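Got the viewer open? Let's take a walk through it, one selection at a time.

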Amino acid sequence: MKLAEILLKMTFKTFLLFFLFCFLSLFSQLKKNSFDKELDKLNCKKINKVNLDDLATLYPFNSSSKIIFTSYKNHIPGILGEELTKLLDGLSNKKIDSTVLGNFKEFIILDNIQKFNLLDLIYNYGYNATPTILEGTKCYFPQNAILFVGSDEKLIGFVELCFGCSKFRTNNNKITLGEECSQKYNLMKQLFKDNGILYGTVENEL
């Protein structure tokens, strides 16, 4: 084989490899850009669907004489959050008095402005755009909860929260945290911190 032919073949192979490398790099970048756009859809944005007047119309706010932020610390060694889950499940339709609240490490009864801040976060923060992918959840070790208490002092429902795992549980499917955009749990955690609930948000934060 002549030297010219060998050089031609080598040049063709080099060009082919270069073309393949460029194609794969471009494909990878396009794929990354597409994935980044999908992730951006999950980000929170202010959507302003409700206002202060809606405290009187939206469940469970309209049925609650008290809304209480709480934190819970295990009293005996065990799985983190297991005691809280058992406690909350046992409170259904029971009076939430000082004895019950004594089980929690911290609690605060919200005033009307604090109630609206909670309502605002749940309903007025949603997805940046309609998502086509969902974020995966990790562990579930709840340390905080929101209690909704009726005029008869009995528990209407609760939201059990694991801020470190971005996950919640409720005993009532009418109770929701709204659209679970990416920053929703961090915003909720900050709301707890702003209202003096530090366990599960600062202390022993997951």
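Start by selecting isoleucine 67, whose bridge partner in S5 is phenylalanine 148. That puts you in strand S2, residues 66–71, which pairs antiparallel with S5, residues 144–149, over 6 bridges. Strands here are DSSP E runs of at least two residues, helices are H or I runs of at least four, and both are numbered from the N terminus; two strands pair if DSSP finds at least two bridges between them.

Before going on, a word on what you're looking at: this is a predicted model, where local features need pLDDT of at least 70 and side-chain atom pairs count only at pLDDT 80 or more, while totals for chains, interfaces and linings use all residues. Residues are numbered from 1 along each chain as its sequence is written, and side-chain values use heavy atoms, with hydrogens and water left out.

Now show S3, residues 106–109: S2 runs antiparallel to it too, joined by 4 bridges. Phenylalanine 69 stands opposite isoleucine 108 there. Color S2 by accessibility and you'll find 5 of its 6 residues buried (under 20% relative accessible area, with over 50% being exposed and partly exposed in between; 1.4 Å probe, protein chains only).

Next, the rings. The structure has 4 aromatic pairs, meaning Phe, Tyr or Trp rings (the six-membered one for Trp) with centres within 6.5 Å; planes under 30 degrees apart are stacked, over 60 edge-to-face, the rest tilted. Select phenylalanine 69 and phenylalanine 192: their centres are 4.0 Å apart and their planes at 5°, so this pair is stacked. Since phenylalanine 69 sits in S2 and phenylalanine 192 in helix H5 (residues 184–194), the pair ties together parts 123 residues apart in sequence.

Add phenylalanine 163, which meets phenylalanine 192 edge-to-face, at 5.4 Å centre to centre and 75° between the planes. Phenylalanine 163 is in the loop between strands S6 (155–162) and S7 (167–170), 29 residues from phenylalanine 192. Both phenylalanine 163 and phenylalanine 192 are buried, and Phe69, Phe163 and Phe192 make up one aromatic cluster.

Last stop: glutamate 106, back in strand S3. Which side chain of opposite charge is nearest to glutamate 106? Lysine 105, 6.2 Å away, so no salt bridge forms (that takes a side-chain nitrogen of Lys or Arg within 4 Å of a carboxyl oxygen of Asp or Glu). Glutamate 106 is buried all the same. Zoom in on its side chain: a polar atom there lies 3.2 Å from the backbone nitrogen of leucine 198, and one lies 2.9 Å from the backbone nitrogen of tyrosine 199.

Technical notes:
Lys and Arg count as positive and Asp and Glu as negative; His and the chain ends are not counted. A polar contact is a pair of N or O atoms within 3.5 Å; within protein, one must be able to donate a hydrogen and the other to accept it, and residues adjacent in sequence count only if both atoms are side-chain atoms.
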